[in-house]
Structures are given as C-alpha cells and as structure tokens.
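The following questions and answers examine how certain descriptions of a predicted model are justified.

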Amino acid sequence: MEFTGKVALVTGGARGIGRATAVRLGQGGAKVAINYRGRADAADEAKRLVGQAGGTALAIQGDVSVEADVDRLVKEALAFGDGRVDILVNNAGITRDDLLIRMTPEAWDAVLDLNLRGAFLVTRAVMRPMMKARYGRIVNVSSVAGVMGNAGQANYAAAKAGLIGFTKAVAREMAQRNVTCNAVAPGFIPTDLTNELLEKMRGSILPQIPLGRFGTVEEVAGAIAFLASDAASYITGQTLIVDGGMVTA
Ligand code: NAD
C-alpha cells in the first residue's frame, strides 16, 4: 500500500495498535503525526520506528478527550502536513472494566469521554480541511466488544458500539466530498491495554477463536492501512472485524 505524499494523524500512536499503524503508514511513505498523551519516550520510539520504516513522523502531545488539546494538536498536525491531514486514525482508547452492578459513573464517563467523545472531537477538527481538499480517509478503532458486547465492559462496549454508529453517520455526511469513514473492530490483541486480562483468560478465550490464537498489532494495522489506502476508495460506513473468525454474523 502506497502512502507517498499522504499526511496521517494517529491518535494514541505511541504504543500498541496505534504505533503499529503509524509504522505501517510510514512503510508506505506517509508523513505521520503521532499523538500521545503522556509517554514522550514511547512517542520518540514510535517516531524512530516510522523513520526506520521509510516515513517521516512528528510526535504531538495532547489528551484527545480535552477539546482545547484537540484543537491545538490538529493545528500542529495541519502545520506538519502543509495544511492537509489526509488520513485520520482514531485509535486512542482506554478500558475501566467492572461488572455493571459495581461500575461507577466516573468509570463510565472516563471510557465514553475518550473512546467516543474523543473520536468526535478529533474528527470534527479535521473535517473542514479534508472537505476542502476533497479527500480524506477516517478509520475509527472500535472493538468486537462493540459488536457483540462483553461482560464486565458495559462502558467500553457502549463506547465502541457508539463509534460504529458514528462511523456510519460520518460516512454519509462526508461522502459527497470524497471523504470515507470506516471502522475496524479488533478481537483479542495482546498490548499494554489487554496483556494482563489475556494472560489470565487465555484458556477460556482461545477456544472461541477459530484461528486458534490471539492477533498481532501488525494484523490490525494492516486492516487499518487498507481502509486508509486508495485500494478502499469505494468502501465507506463499514466495520471490518479483525478477530480470527470469532464474530461471523
Ligand atoms: P494501548 O494501551 O497500547 O494503546 C492505547 C493508546 O491510547 C496509548 O498509546 C495511550 O497512551 C493512548 N491514550 C490513552 N488515553 C489517551 C488520551 N486521553 N489522549 C490521547 N491518547 C490516549 O492499547 P491498544 O490495545 O493498542 O489500543 C488501541 C485501540 O484499540 C483502543 O481504541 C482499543 O480500545 C482498541 N482495541 C484494542 C483491542 C486489543 O485487544 N488490544 C481490541 C479491540 C479494540
């Protein structure tokens, strides 16, 4: 996949799936703005890896659940891209798992604020330049939890299902301007977010996965890169499930 001349912004791009995506886009020759919240060292490492892969990168600090941060970081990304952001990957995400009976309103709000409201804020901020350029690829990182639900993750499942509805609405609003908006829904992918849970639950999860293993961040990044590429120019409003065959409906 070819991204030469394209400018990408990946939120939460310093680690995990976001970092693998930044590297994958860099491999295709993209200029990648890597947003990170707190870990400047991880952002530097991601920047180095994008450079090594053949791209150019800039690390931009900012909390995507805070409107003022989003406005500033999108301005910085636009300056880096000479006025353009061609590809937006709304990847930043957190979990605050608990059974619903014990879930606090704070845990609910924190997860909805970042996973759903954050994607809204960043998408809204890049919309105008994308529409002006009559080109854009938006990829939202949802989850199979948003497709089939997951016990202990009512907040996360609601946010990720919301992101799928958001994807469909944005796809319809932006289609006339040649801006596509799609989602990926990863299954179980070992990262900082999930390592502990996956190790604990390995025995009960693996039998549910037809391919018989967890996925890798590179496998999710490949699906994101496809949706961000010109190969996907006639696909919009869709959710691509990347889960080793768990969800087939
Ligand atoms: P991760 O924890 O490695 O990455 C999440 C990234 O988001 C981190 O870089 C983190 O710093 C960043 N982030 C957190 N809060 C932020 C904020 N307020 N502002 C900006 N950035 C912030 O986890 P990951 O597994 O790579 O997750 C990436 C995305 O994939 C998330 O949206 C997650 O919900 C989704 N996902 C992951 C899995 C999985 O199994 N790992 C499955 C389905 C969906």
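**Cavity and helix 3**

In this predicted model, helix 4 supplies the largest share of the lining of the largest cavity, namely five residues.

Q: What makes a space in this model a cavity, and how many of 30 Å³ or more are there?
A: A cavity is a set of points where a 1.4 Å probe fits but cannot get out. By this rule there is one cavity of 30 Å³ or more. The largest cavity holds about 60 Å³ of space.

Q: Which residues line the largest cavity?
A: A lining residue has an atom within 4 Å of a point. Among the residues that line the largest cavity are Thr11, Val64, Asn90, Leu114, Gly118 and Leu163.

Q: What classes of residue make up the lining of the largest cavity?
A: The lining has six nonpolar, five polar and no charged residues. Gly counts as polar under the classification used.

Q: How do you know that the span of helix 3 agrees with its number of residues?
A: Helix 3 covers residues 67–80, and at 1.5 Å a residue its 14 residues should span 20 Å. The end C-alpha atoms are 20 Å apart, which agrees.

Q: Why are the buried residues of helix 3 said to line one face?
A: Buried means under 20% relative accessible area. Asp69, Val70, Leu73, Val74, Ala77, Leu78 and Phe80 are buried in helix 3. Seen down the helix axis, the buried residues fall within an arc of 165 degrees, so they line one face. The face turned away from the buried side carries Ala68, Lys75 and Ala79, which are exposed.

Q: What covers the buried residues of helix 3?
A: The covering elements include strand 1 (7–10), strand 2 (31–36), strand 3 (56–61) and helix 4 (105–133).

Key
Residues are numbered from 1 along each chain as its sequence is written. This is a predicted model: local features need pLDDT of at least 70, side-chain atom pairs count only at pLDDT 80 or more; totals for chains, interfaces and linings use all residues. Side-chain values use heavy atoms; hydrogens and water are left out. Helices (H or I, at least four residues) and strands (E, at least two) are DSSP runs, numbered from the N terminus. The expected span of a helix is 1.5 Å times one less than its number of residues. Buried means under 20% relative accessible area, exposed over 50%, partly exposed in between (1.4 Å probe, protein chains only). The arc is that of the directions from the helix axis to the C-beta atoms. Contact means heavy atoms within 4.5 Å. On a 1 Å grid over the protein atoms alone, a cavity is a set of points where a 1.4 Å probe fits but cannot get out, and a pocket is an open set with protein on both sides within 12 Å along at least five of seven lines; lining residues have an atom within 4 Å of a point. Grid points are joined across faces, edges and corners, and a volume is the space filled by probe spheres set on the points.
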